[in-house]
Amino acid sequence: VRVLYHFEHSPFSRRARLALHHKGLDAELRETRANESYLVEARKLTPIRTMPVLVDGDHVIADSAAIVQYLDLAYPDRPRLWPTSADGAAAALAITIECDAVLEVLVDMGTRYFALRNDSAWPAVLRERMERARIASEALAAKATRPFLVGDAWGAADLWVLSMVRWIAGFPARAATSPNIAQIITLGFQIPEPLVAWANRHANRPDVTSVYA
Ligand SMILES: N[C@@H](CCC(=O)N[C@@H](CS)C(=O)NCC(=O)O)C(=O)O
């Protein structure tokens, strides 16, 4: 049995779904925001209180990066997600960490710590955090010059950048229905245009159309 506990719109959850698709693996999707009982189930399975969480037979794996690593180890004969060479791994890890640097700032400041926005320290903290996100996103944009970001095939680095860009590019359309997104928009982050152009090149991939249907 294979089950993915997820949030429909979360870039972390979409990564896991893109990874499963790349591996050609089916999973029952349990949306934990729509169904409270799924959230309760997921929280019994792991102390990590974020989605996604993958259950694969006897294994429970929380965290999207861990899930992607696990899938390569558990299904080595299926298309790979992580490069096998040290050079490839270093390049892919740099990209995934840079994406996480951007997402962490937006999720933390726009949701987890947003209640502190009237504190006198907020403007300075926000400025510093947003500068980190900006620098990381510009480093990513400088690398988005080839269809596949590392090597000559789709892989982890591509999943990270695509899910990050699609999430951010989707903010305007979701602002009216998601209070969290409305808050994140107030931070004023701008995704560099080369990243949007890069993601658009992959809009018609079968895994992308399936996960973003
Ligand atoms: N490092 C985690 C981050 C996941 C994450 O932050 N997920 C958010 C959804 S965007 C979440 O579950 N938030 C709920 C919470 O923190 O209670 C991963 O890559 O899976």
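# Close-up views of a predicted model

**View 1. Ile185 sits in helix H8, which covers residues 179-185.** Keep in mind for every view that this is a predicted model. How buried or exposed is Ile185? With a relative accessibility of 36%, Ile185 counts as partly exposed, because that label is for values between 20% and 50%. Looking past the residues up to four places away in sequence, you'll find Ile185 touching Phe171, Pro172 and Ala175. Take Ala175 from that list: Ala175 and Ile185 are 10 residues apart in sequence, and their C-alpha atoms are 7.8 Å apart in space.

**View 2. Leu18 is tucked into helix H1 as a buried residue.** Helix H1 is made of residues 11-23, and Leu18 is part of that run. Its relative accessible area comes out at 0%, so Leu18 counts as buried. Which residues is Leu18 in contact with, once neighbours within four places in sequence are left aside? They are Leu159, Leu162, Asp207, Val208, Val211 and Tyr212. There's also a nice example here of the chain coming back to itself: Leu18 and Thr209 are 191 residues apart along the chain, yet their C-alpha atoms are separated by 9.9 Å.

**View 3. Lys23 is another residue of helix H1.** Is Lys23 buried or exposed? Its relative accessible area is 1%, and buried means under 20%, so Lys23 is buried. Set aside the neighbours within four places in sequence, and Lys23 is in contact with Leu71, Asp72, Tyr75, Arg78, Pro79, Arg80 and Leu81.

**View 4. Thr32 lies in a loop, between strand E2 and helix H2.** Strand E2 runs over residues 28-31 and helix H2 over residues 36-45, so to speak the two bookends of this loop. Being in a loop doesn't leave Thr32 out in the open: at 3% relative accessibility, Thr32 counts as buried. Who are its partners? Not counting residues up to four places away in sequence, Thr32 touches Tyr5, His6, Phe7, Tyr38, Leu39 and Met51. Hold on to Phe7 and Met51, as both are also among the residues around the ligand.

**View 5. The ligand takes up the space of the largest pocket.** The residues around the ligand are Phe7, Ser10, Phe12, Arg15, Arg43, Arg49, Thr50, Met51, Pro52, Asp63, Ser64 and Arg112. Zoom in on some oxygen atoms of the ligand. One is 2.6 Å from an N or O atom in the side chain of Ser64. For Met51, a polar backbone atom is 2.8 Å from a ligand oxygen, and for Arg49, a polar backbone atom is 3.5 Å from a ligand oxygen. How much of the ligand does the protein cover? On its own the ligand has 510 Å² of accessible area, and the protein covers 75% of that.

**View 6. Met51 and Pro52 are joined by a cis peptide bond.** The omega angle of this bond is about 10°. Most peptide bonds are trans, so a cis one is worth a second look. Pro52 lies in the loop between H2 and strand E3, which covers residues 53-56. Both Met51 and Pro52 are among the residues around the ligand.

**View 7. Asp63 has a positive phi, although it is not a glycine.** Its phi is about 85°. Most residues other than glycine have a negative phi. Where is Asp63 found? Look in the loop between strand E4, residues 59-62, and helix H3, residues 64-74. At 38% relative accessibility, Asp63 counts as partly exposed. Asp63 is also one of the residues around the ligand.

**View 8. Phe148 has its place in the loop between helix H5 and helix H6.** Helix H5 spans residues 122-143, and helix H6 spans residues 156-169. Phe148 has a relative accessibility of 25%, so it counts as partly exposed. Which residues is Phe148 in contact with, leaving aside neighbours within four places in sequence? The list is Ala153, Trp154, Asp158, His202 and Arg205. As for Ser85, its C-alpha atom and that of Phe148 are separated by 16 Å, with their positions 63 residues apart along the chain counted as the distance apart.

Definitions and conventions. Residues numbered from 1 in each chain as written. Predicted model: local features only at pLDDT ≥ 70, side-chain atom pairs only at ≥ 80, totals over all residues. Heavy atoms only, no water. Helix = DSSP H or I, 4+ residues; strand = E, 2+ residues; numbered from the N terminus. Buried < 20%, exposed > 50% of the residue type's maximum accessible area, 1.4 Å probe, protein only. Contact = heavy atoms within 4.5 Å. Near = heavy atom within 4 Å. Polar contact = N/O pair within 3.5 Å; in protein donor to acceptor, adjacent residues only side chain to side chain. Areas by Shrake-Rupley, 256 points an atom, 1.4 Å probe, with all protein chains shown as cover. 1 Å grid on protein atoms, 1.4 Å probe; cavity = no way out; pocket = protein on both sides within 12 Å on 5 of 7 lines; lining within 4 Å. Sits in = over half its atoms within 2 Å of the grid points.
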